[in-house]
Amino acid sequence: MQNNQIRIQTKECSSGAFTEIYVDGCLLKGVRKFELKHNAGDIPTLTVDLSALDIAVDCYRIPIRHETLGELEIKRKVE
């Protein structure tokens, strides 16, 4: 399995600076924040928070951990 090529690029503009994240050359849109970690002996880990305003999920259930409410579970409605 080939690893994805990830590029984090900061650009200057008249109102300051902003950062863009590219995965295999494609810009990730809706990035709210990111965290890049590298622990000794491990591979680096990139965590990205995306704005999820228009989302489609194709699976039976999704477990979610909410900061305030705790564990939540979203299930697909079967009609």
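This section describes the strand content, the surface and selected side chains of a predicted model.

The predicted chain comprises 79 residues. Its secondary structure contains 7 strands and 0 helices, and the order of elements along the sequence is accordingly written β-β-β-β-β-β-β. With regard to contacts between residues separated by 6 or more positions, 7% involve residues that lie 24 or more positions apart.

The accessible surface of the chain amounts to about 7500 Å². Carbon and sulfur atoms contribute 50% of this exposed area. Of the residues in the chain, 5% are classed as buried.

A nonpolar patch was identified on the surface, with an area of about 350 Å². The patch is formed by Ile6, Ile8, Phe34 and Leu36. Two elements, β1 (6–13) and β4 (31–37), each provide two or more residues to this patch. Leu36, one of the patch residues, belongs to strand β4. Its relative accessibility is 55%, and Leu36 is therefore classed as exposed, since the class begins over 50%.

Aromatic side chains were also examined. The structure contains 0 aromatic pairs. The ring of Tyr22 nevertheless takes part in an arrangement with a charged group: the charged end of Arg7 is placed over this ring, at 4.2 Å from the ring centre.

Methods: Residues are numbered from 1 along each chain as its sequence is written. This is a predicted model: local features need pLDDT of at least 70, side-chain atom pairs count only at pLDDT 80 or more; totals for chains, interfaces and linings use all residues. Side-chain values use heavy atoms; hydrogens and water are left out. Patches are made of residues with over 30% relative accessible area and no salt bridge: like charges are joined within 9 Å, nonpolar side chains (Val, Leu, Ile, Met, Phe, Trp, Tyr) within 5 Å. Accessible areas come from the Shrake-Rupley method with a 1.4 Å probe; for residues, only the protein chains shown count as cover. A salt bridge is a side-chain nitrogen of Lys or Arg within 4 Å of a carboxyl oxygen of Asp or Glu. Helices (H or I, at least four residues) and strands (E, at least two) are DSSP runs, numbered from the N terminus. Buried means under 20% relative accessible area, exposed over 50%, partly exposed in between (1.4 Å probe, protein chains only). Contact means heavy atoms within 4.5 Å. Rings of Phe, Tyr and Trp (its six-membered ring) pair if their centres lie within 6.5 Å; planes under 30 degrees apart count as stacked, over 60 as edge-to-face and the rest as tilted. A charge sits over a ring if NZ of Lys or CZ of Arg is within 6 Å of the ring centre and within 35 degrees of the ring normal.
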